[in-house]
Amino acid sequence: MSYCRQEGKDRIIFVTKEDHETPSSAELVADDPNDPYEEQGLILPNGDINWNCPCLGGMASGPCGEQFKSAFSCFHYSTEEIKGSDCVDQFRAMQECMQKYPDLYPQEDEEEEKEKPSKDLEANPMEASVAKEEKGSS
């Protein structure tokens, strides 16, 4: 027996195996052409930031969403000579938050990235000697 119940903002639907045996009769609703956020890009026509833009990859809505919004807004609206130089505190807060959730926000190890080219050269001595010769002739 299928049934549905509401818990706060969530709607929980229980279905039976039989419910899944018949093809769905659901119809998709066409996108609303008057949706002010639809296909607007990162910056809305009025200059505001479109936090729903898929280009942000969900950064505005995770556990560090508020910190991201604060840092990104500061940078976007910055009028400093070096854009964003007045946003260091906001970016630091965002970074600290992201470090608390390494599974959601993996960070590349810069040292590891720097070592990759040298590891490749060590693996192929011929390329290493060519690279040394090229350095010497420059």
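R5 sits at the partly exposed level in this predicted model, with a relative accessibility of 36%. Its side chain meets that of E7 in a salt bridge, with N and O 2.8 Å apart. E7 is partly exposed as well, at a relative accessible area of 41%. A little further along the chain, the side chains of K9 and D10 are also joined by a salt bridge, here with an N to O distance of 3.2 Å. The two partners fall into separate accessibility classes: K9 is exposed at 75%, whereas D10 is partly exposed at 40%.

In total, the structure holds four salt bridges. Another of them links D89 and R92, whose closest N and O atoms are 3.4 Å apart. The spacing of this pair is easy to follow on the helix: D89 and R92 are three residues apart in helix α3, so about one helical turn separates them. D89 is exposed, with a relative accessible area of 56%, while R92 is partly exposed at 45%.

Helix α3 spans residues 88–99 and is also where confidence peaks in the protein chain, with a mean pLDDT of 95. The UniProt record, an unreviewed entry, annotates residues 64–100 as a CHCH domain. Over that range the chain is 68% helix and 0% strand. The C-alpha atoms at the two ends of the range are 9 Å apart.

Ahead of this annotated range, a buried asparagine deserves a look. N50 is found in the loop that runs between α1 (17–21) and α2 (65–77). With a relative accessible area of 2%, N50 is buried, because the cut-off for that class is under 20%. The side chain of N50 is also engaged in a polar approach: one of its polar atoms lies 3.1 Å from the backbone nitrogen of N52.

Turning to confidence, the protein chain averages a pLDDT of 77, and 67% of the residues score at least 70. At the other end of the scale from helix α3 is helix α5 (residues 125–137), where confidence is lowest, at a mean of 47. Over residues 118–135 the pLDDT is below 50, and this stretch has three contacts in the model beyond near neighbours in sequence. Where pLDDT is low, the predicted coordinates should not be read in detail.

Technical notes
Residues numbered from 1 in each chain as written. Predicted model: local features only at pLDDT ≥ 70, side-chain atom pairs only at ≥ 80, totals over all residues. Heavy atoms only, no water. UniProt positions renumbered as here; feature names shortened; annotations may be inferred. Helix = DSSP H or I, 4+ residues; strand = E, 2+ residues; numbered from the N terminus. Buried < 20%, exposed > 50% of the residue type's maximum accessible area, 1.4 Å probe, protein only. Polar contact = N/O pair within 3.5 Å; in protein donor to acceptor, adjacent residues only side chain to side chain. pLDDT = per-residue confidence, 0-100. Contact = heavy atoms within 4.5 Å.
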